[in-house]
Structure formats: C-alpha cells, structure tokens
Amino acid sequence: MKSVEIKDLTYSYNGVDPILKGVSLSLDKGEYVSIVGHNGSGKSTLAKLILGLLPFSKGTIIVNDLELNKKNLQTIRNKVAIVFQNPDNQFIGATVEDDIAFSLENMNMPREEMISKVKEYASKVGMLDYLTKEPSYLSGGQKQRVAIATALVRNPDILILDESTSMLDPNGKSEILSLVRRMKIENPNLTIISITHDIEEAYNSDKIILMHKGEIVLTCKPIELFKNRELINKYNLKVPFVVELKKKLQELGYNVTDKNTLEELGEMIWQSK
Amino acid sequence: MAIKINHLSYVYLQKTPNEVQALHDISFEIPEGKITSIVGHTGSGKSTLIQTLNGLIAPTSGSIEISDFIVTSNLKKLKKIKELRKHVSIVFQFPEYQLFEETVEKDVAFGLRNYGYKDEDAIKKAHEALSKVGIDKSFYKRSPFELSGGEKRRVAIAGIIVLEPDVLILDEPTAGLDPQGSEVILNLIKEFNKQGKTIIIVTHDMNIVLNRSDHVVVLNEGKLAFSGTPSDLFAGDVSSYSIDIPALFSFALLLKEHGVGVDISKIKNVDDLAAQLKGLK
C-alpha cells in the first residue's frame, strides 16, 4: 500500500523561480525515509506541500490514496503530523497539557479520554512531571519533546520530522529517535519522513532521498548512496564515520572490501600489527 | 588574560516558590586565546553561564574576572558594563532571527551607532566585518531577509565581530545549518581565533569538541563536571553526562586497548588517525 505518492510536483514561492521542479516520489506505508540535501534544496517546502500548507498548481500529491485538494484537505491533515525544527514556533497552549490537548480538541473526544491521552503521551516523551508548566519554564529540548507528543497523540499515519532533533542535546536526541522507533513498533504502518542533516540517522533509515536544487537526485538504500564516491563528492555530502574510515584505510593499503563495521575494521588493524 | 570563574552560583526567581538553582558554586578558568567548548545536557546551566560572562545577568553569588572587569552580584558596582559587553560579545542561538534593518550593511552597523560612531564610519567598519565573514559586496544594500539561512547567520555574526570583541561567545553556532554551512561558520571561528580572540562555543556537537576545541568544560545539573582537554574528557567516564563520544575517538581508543600504538591525545580528525597508522605500518 502506498502512503504518499507525488507526481511531477512543481512549486515556486514567488511564481518565478521554482523551489521544486517536477518532483515525483512514492513511499510505502510504514517506511522510514530520510530526506537529505543542502539548505535550500526544497526539502522543507516538500514537507509543507504534503501537509497542504502551501497552494500548488502543478503536479499531484496523493496521501493514503486520497488526492490532496480542497475537499480532502482536512481528512489528510488529520492523518499527517509534523514536528518543526524550532521549538519556540510550535508551542500553542498555555501549559504543556494544554498544548498536547489542543491537538485533540477538534476530534470530539470525551474529556476523560482526552486527559488520559495527554498523560500517556506526556509520559512517553518524559514530560509527565511538567504538565502544568508554561513554555517559558521549559528548555528548547523540553519544548521539542512536547511538540512530538502533540504530533503523535492524534495517532497520525504519517509523521514528518523537519530537522526536529537538530536543536536537542545528545540525550534528548537519542530519546526522541528511540521514541519514534518505539511508535513505529507499536504502529508498523506509521510512515516516517525525516528531513535531516544527521547522517548517522539517515544511514539507519529504510530509504534515503537526496535532493538538490529542487530536484530528487537519487532514491535508494542508504548504503548505496554512501558507497557512491562520485555522488558524495559532487553534492559535498558528509559520510558516516565508518565509510570515511574505510576509505582512509584503503588508501593506506588495507584490504577493506568485505569489512563493513568499525569492529571488523579495528580487528583487521590490530591483527596486522 | 584568562577568564576566571570563582564560586559562581545563579538562582532564577530567588525567594519565590518557583526558585530554580541553575548554577551551583562553579569555579574554573577559560584559557586566553584558545577555543573552549561548553557542553552539557539541556538545562545544565550553559546559557545561564554565558549570560553572566558579559553581565547580562548578575550572579547570585561568586564572581567572574575578565581582565579589569569583575562581575559580581551587584552589577551597579561594575561601572563600565557597556565596555565589558564590547569586550565580551555573545552570538546567541539563531542570531538571524534578530536581524531587522532594511539593508545588510545597516544591520551590521547598528551596534556601532549605539557606541556613538558616525553613520559613515559605522558603515565603513560594517563593510570590513562583512568581508571578514565572506559576504559579497553585492549583498550590502540588499534586505537581510532575502539571504539564505547560512548567509543570514554570517551577517548576524558580522554584527557582533564589528564591535571587535576580545572574547567571542557563540551559542550553538551551527544549529540548523547543513554540513556545508556549518563548515563555513566553523572555519570563520577558527580564523577569529587565529587573530587572537578567545572563543567560547556552547554546543551539543561532540565533533566540534574533538576537532575544533583546545579546552572543554562540562556542566551537569548546574555543577562543574569537567574542565580539561577534549581527549581527557572522552577517555574518561562520561556515562553520566549527555555526551556521545565521537565515533573516531571510540575507534582510536579501541585500537589502543588492543595494543595498537596510537597517541589518542593527538587525534582530532580521521586524517590524524590515518597519519599515525601510516607511521606504524
């Protein structure tokens, strides 16, 4: 089953210079996809278009077999959640519990159920002790955890993470990434689209999409991209440490062909001494 | 002169039910002319610490000595606070959100006007600062809001550099930038350091600590947990702090444990490691 299908999507903010140029892609239900590419490559614009936040005139977006248009907009928005990068731009409620509940308010949920949902998700992101706190008492990382609870509490089919861990500390970051993974285990059909500069996260996803200047350059398994020296150099991408090390060792004359982990590479070095 | 932090404590909302102690009696030195990273989990007191360094907030107790300036709980005693802020400048997180002028050059010149510079002198100095951060002349008269994220950030940094501080503090200077954009900012910082400026970087990125810093300070729940070299930090026990040891360092450590004669204190990047392995071959 398809989760998101995009055909020939073109978009321009000013009507002149296109930020997306004929983008087509197809994501299966339950895939964990990373979108990588330099700032300005069109990644965030693509995310906003999938959410129906920007009007587009050329191309089609199909979410859950529904075409994104005026009629289906609300249905689709109920199934797609996004967490943005900056925690200060997405806190709406007066307190943590208000903020998480806000997301449920249009769903006609009984009050008791709402309270228990809010608590459940606050606890999942480690913010249960902060339910009545105002955002000014929270650090950026804590606000971001609330934003993730707010996104997930509606049980979306698609979760878009727009660089949403980039402002968190390593603990906060791994906590959020493991929370997202846990959500995926609970709901294997949850499609995750992660816009990220974190090359280790991208390396561990199911699929990677490389964007450049408004076009999709490549869609493949992460390992395929990082093996491709030519593309890495052409698009000036960072590579995971293990890939970088492998290259250096090869230059030193080691035979690294069948070595893929740091442990294997390490063993090769100390055994050759 | 090094920056000396003596028994510094800071309490938010003191004597109210919401009292929070952000810094607990910390003492350490930040070496002059070096790059020092300050790391620690969210809420560990990093931002509070840097704000006390240039007198934006007054310590609850303890003091900070920076050349002739002594910051204590009574900021009124510090007569030359404007001078101190010129001497020690902070580039806050996402500084590009603070751009507001009509043109790039006016934005950079704004701070100087506050210090009494004439318009034309301020603009001239702004041009120098912009060229230092690699912003092309063709941008000077454009609106800062037309620039890309990375360019905006460089303009915002130029607005601080133009004041010619001796100590430059940057709070998460690469947050939200792509690898290329981050590299440009980090190289700029290195350049400022070469010109003799003391640099303090607040960061969560342990690669910045390993590759770019001479000294590192770890805060944990408002207390000083570590102050020393990056390799001493990563070689020690960091399990109770929010620290991801860089893969490069863990790998070098693993080699050393298996009897490979690498000097971990001299490995800052993968080329250093490769050079040492070549020497051993």
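Which strands of chain A does helix α5 (residues 140-152) lie across? That was my opening query for this notebook, and I kept in mind throughout that the model is predicted.

**Entry 1: the sheet of chain A**

I found that α5 of chain A lies across β6 and β7 of that chain. I noted its direction too: α5(A) runs at about 175 degrees to β6(A).

Next I traced the sheet itself. I read an open sheet of six strands in chain A, in the order β6-β7-β8-β3-β9-β10, with mixed pairing. I marked β6 (80-83) and β10 (215-220) of chain A as the edge strands, since each pairs on one side only. On average, neighbouring strands of this sheet are turned by 20 degrees against each other, direction ignored.

I then picked one pair to follow by residue. Strand β7 (residues 158-162) and strand β8 (residues 191-195) of chain A pair in the parallel sense, over five bridges. There I found A:Ile158 with A:Thr191 of β8(A) as its bridge partner.

I looked up a second helix over this sheet. Helix α6 (residues 170-186) of chain A lies across β3 (32-36), β7 and β8 of chain A, and runs at about 140 degrees to β3(A).

**Entry 2: an arginine in α5 of chain A**

Is A:Arg145 buried or exposed? I first placed A:Arg145 in helix α5 of chain A. Its relative accessible area is 16%, so A:Arg145 counts as buried, because the cut-off for buried is under 20%.

I listed what touches A:Arg145, leaving aside neighbours within four places in sequence: A:Val125, A:Gly126, A:Met127, A:Glu175 and A:Ile176.

**Entry 3: the sheet of chain B**

I turned to chain B and read an open sheet of six strands with the order β6-β7-β8-β3-β9-β10 and mixed pairing. Why is one side of β6 (88-91) and of β10 (223-228) in chain B left without a neighbour in the sheet? These two strands stand at the edges with a single partner strand each, so one side of each has no neighbour there. For this sheet I noted an average turn of 15 degrees between neighbouring strands, direction ignored.

Over the sheet, I found helix α5 (residues 149-161) of chain B lying across β6 and β7 of chain B, at about 170 degrees to β6(B).

**Entry 4: strand β8 of chain B**

I spent some time on strand β8 (residues 198-202) of chain B, which is mostly covered: five of its five residues are buried. In a regular strand, side chains alternate between the two faces of the sheet. Going through β8(B), I saw B:Thr198, B:Ile200 and B:Val202 pointing one way and B:Ile199 and B:Ile201 the other way, all of them buried.

I checked the partners of β8(B) next. Strand β3 (residues 35-39) of chain B pairs with β8(B) in the parallel sense over four bridges, and B:Ile35 stands opposite B:Ile199. Strand β7 (residues 167-171) of chain B runs parallel to β8(B) and is joined to it by five bridges. Here B:Val167 has B:Thr198 as its bridge partner.

I also followed the chain from β7(B) through helix α6 (residues 179-194) to β8(B), and these make a right-handed β-α-β unit.

**Entry 5: the β9-β10 hairpin and a histidine**

I looked at strand β9 (residues 215-220) of chain B, which runs antiparallel to β10(B) and is joined to it by five bridges. I noted B:Val218 opposite B:Phe226, and B:Asn220 with B:Lys223 as its bridge partner. The hairpin has two residues between the strands, and B:Glu221 takes a positive phi near 50 degrees in it.

B:Glu221 came up again when I looked up B:His41, which sits in the loop between β3 and α1 (46-53) of chain B. Leaving aside neighbours within four places in sequence, B:His41 is in contact with A:Asp169, B:Lys46, B:Leu219, B:Asn220, B:Glu221 and B:Ser242. With 17% relative accessibility, B:His41 counts as buried.

**Entry 6: two helices of chain B**

At what angle do α3 (residues 104-114) and α4 (residues 119-132) of chain B pack? I read about 115 degrees, with the axes 8 Å apart. The contact of α3(B) with α4(B) has nine nonpolar, one polar and five charged residues. Among them I noted B:Val108 and B:Leu112 of α3(B), and B:Ile123 and B:Leu130 of α4(B). I recorded the crossing of α3(B) past α4(B) as right-handed.

How values were computed:
Residues are numbered from 1 along each chain as its sequence is written. Chains are lettered from A and ligands numbered from 1 in the order in which they are written. This is a predicted model: local features need pLDDT of at least 70, side-chain atom pairs count only at pLDDT 80 or more; totals for chains, interfaces and linings use all residues. Side-chain values use heavy atoms; hydrogens and water are left out. Axes are lines fitted to C-alpha atoms, for helices over the stretch in contact, and angles run from 0 to 180 degrees between N-to-C directions. A crossing is left-handed if the near helix is turned anticlockwise from the far one by less than a right angle, and right-handed if clockwise. Contact means heavy atoms within 4.5 Å. Ala, Val, Leu, Ile, Met, Phe, Trp, Tyr, Cys and Pro count as nonpolar, Asp, Glu, Lys and Arg as charged, and the others, Gly among them, as polar. Buried means under 20% relative accessible area, exposed over 50%, partly exposed in between (1.4 Å probe, protein chains only). Two strands pair if DSSP finds at least two bridges between them. A crossover is right-handed if, with the strands pointing away from the viewer, the path from the first strand over the helix to the second runs clockwise.
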